Amino acid sequence: MELIKPGRQFDFMGKRWLFMGLSGVLLILSIISFIVPGPKLGTDFKGGTEIEVAFKSAVSSAEVREAVTQSGFDSPDVVSVADQVNANRYLIRVHEVSALSEQQKATVRDRLCLLPENVPVPEDRCPPAVRATEVKFSPGGDKISTRYDAPPDLEGLKKQLEGIEGVDLRPGANNPVIVSERDHKVELHLKSKGDQLMDGLRQHLGADRVPEQALRVEWIGPKAGAQLRDAAIKSILITIFFIMAYIAFRFDIRFAPGGIVALVHDVGIALGAMVITQREITLSTVAALLTIVGYSITDTVVVYDRIRENLAKHRDMSFAAVINYSLSEMLGRTILVSATTLLSLIMFLFYGTGVLRDFAFTLVVGIVVGTYSSIYVAAPLTEWIDRRFFGANSGKRKKVSRVRAQKRADAVV
């Protein structure tokens with residue numbers, strides 16, 4: 001299948017400044033978008049609790065948001081999830097996580113009779129069966145481990161924790177539970193923020209509309225979110241560095257800057273598109289960006305390979321003419337490959353749900369700008385570097401071109 005007839009030439013380099021200016025404008029808009037309106041970071045990066053709930057009957061997003069707010073959660077995000085099985089499925093996200101504050105931990109220690117040194121233990125409130133000798137909190141704050149010198153009174157432990165704000169035992173026959181009779185070790189499982197969210201929804205919307213359990217509950221602390229964010233940035237920067245080294249080794253130093261600028265161009269515009277459309281930036285988005293990096297550099301390497309091949313074949317042509325010739329040869333192949341990939345992604349974009357749709361959107365933008373950048377960013381920048389810093393080689397090519405043209409003219413005469 002041939003979209004473009006063999007031998008047809010396009011003057012890509014003649015319009016390179018126009019399109020490079022367009023790229024500059026898009027990058028500036030992407031940078032501005034990080035200030036206004038600013039990126040919408042997902043739970044992966046900023047921390048929080050996220051649940052998906054399939055309600056039993058019709059409910060609006062405004063009702064869900066009001067119920068969550070009345071339950072004590074600030075600024076909740078409520079998003080309707082497209083589901084053919086259940087039309088009343090919602091994604092609810094809050095900033096709070098299950099981790100206990102230092103004040104809550106201090107209150108729990110006091111109630112469990114683990115007092116600071118030199119502080120007398122009240123015998124009436126703290127008999128040996130409920131007097132903890134050790135209290136440990138899980139990183140998530142949804143489990144407390146305690147030890148005692150005597151066999152513990154589980155019912156007494158329940159009463160000790162009653163009335164502490166934000167600390168509620170999860171209902172169940174085995175909570176608290178003795179995990180080691182020899183060491184008198186006990187575990188108390190607390191309600192997570194997801195459990196508290198579900199309780200608040202039942203209280204304000206009614207048990208007839210809210211299911212017993214959420215479809216999915218996820219949470220991540222702010223420290224872990226910051227670590228994931230830093231790791232994501234490092235992964236992209238390390239990838240770009242090694243790709244630059246590969247291109248410099250695979251071709252020569254003239255080609256590496258153009259390939260790297262094209263990668264930064266593609267990632268920057270794809271991120272800007274995510275921010276402008278206020279789509280969430282999550283770990284899935286980072287995976288999409290790394291996929292864009294791989295796709296873009298593959299397309300650029302193919303173009304570079306053809307340019308290098310034609311540089312050896314057509315020594316009587318200038319570098320700019322070789323680029324036009326090479327890109328014209330590759331144009332049909334580039335359109336077919338990109339269009340085929342886009343067709344599958346567009347299906348995910350329109351018929352996918354949740355994270356899959358954002359992933360497809362990022363890839364669609366990235367593939368479009370990646371194909372464009374191989375032609376109007378990487379190749380023109382390589383030609384400019386050759387002309388600016390390797391002028392002697394360019395001069396030799398022009399001299400050879402003039403000599404051969406003169407020889408052809410003399411042969412005609």
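In this predicted model, helix α9 (residues 283-313) and helix α10 (residues 319-351) have axes that come within 9 Å of each other and cross at roughly 145°. The crossing of α9 past α10 is right-handed. Sorted by class, the residues in this contact comprise 12 nonpolar, five polar and four charged ones.

A salt bridge also ties these two helices to each other. The side chains of Arg-306 and Glu-329 meet with an N to O distance of 3.1 Å. Arg-306 belongs to helix α9 and Glu-329 to helix α10, so the pair links distant parts of the chain, 23 residues apart. How accessible are the two partners? Arg-306 is partly exposed at 25% relative accessibility, and Glu-329 is likewise partly exposed, with a relative accessible area of 35%. Beyond this pair, salt bridges that share partners join six residues into one network: Glu-50, Glu-52, Arg-89, Arg-93, Arg-216 and Glu-280.

Across the whole structure, a search finds 24 salt bridges. Side chains of opposite charge can pair when their charged atoms come close. Asp-199 offers a helpful example for a newcomer to follow, with two partners to look for. With Lys-191, Asp-199 forms a salt bridge in which the closest N and O atoms are 2.6 Å apart. With Arg-202, Asp-199 forms a salt bridge whose closest N and O atoms are 3.0 Å apart. Why are Asp-199 and Arg-202 separated by about one helical turn? Both sit in helix α6 (residues 193-205), and they are three residues apart there, which means a separation of about one helical turn. As for accessibility, Asp-199 is partly exposed, with a relative accessible area of 29%, and Lys-191 counts as partly exposed at 22%.

Attention can now turn to a pocket. The second largest pocket in the model has a volume of about 440 Å³. Its lining is made up of 18 residues, and those closest to the pocket centre are Phe-34, Ile-233, Ile-236, Leu-271 and Leu-289. Which helices each supply at least two residues of this lining? They are α7 (222-250), α8 (256-276) and α9, the last of which also takes part in the crossing with α10. Helix α7 gives the most to the lining of the second largest pocket, with six residues. By class, this lining holds 16 nonpolar residues, along with one polar and one charged residue.

Key. Residues numbered from 1 in each chain as written. Predicted model: local features only at pLDDT ≥ 70, side-chain atom pairs only at ≥ 80, totals over all residues. Heavy atoms only, no water. Axes fitted to C-alpha atoms, helices over the stretch in contact; angles between N-to-C directions. Helix = DSSP H or I, 4+ residues; strand = E, 2+ residues; numbered from the N terminus. Left-handed = near helix turned anticlockwise from the far one by under 90°. Nonpolar A, V, L, I, M, F, W, Y, C, P; charged D, E, K, R; others polar. Salt bridge = Lys/Arg side-chain N within 4 Å of Asp/Glu carboxyl O. Buried < 20%, exposed > 50% of the residue type's maximum accessible area, 1.4 Å probe, protein only. 1 Å grid on protein atoms, 1.4 Å probe; cavity = no way out; pocket = protein on both sides within 12 Å on 5 of 7 lines; lining within 4 Å. Points joined across faces, edges and corners; volume = space filled by probe spheres on them.
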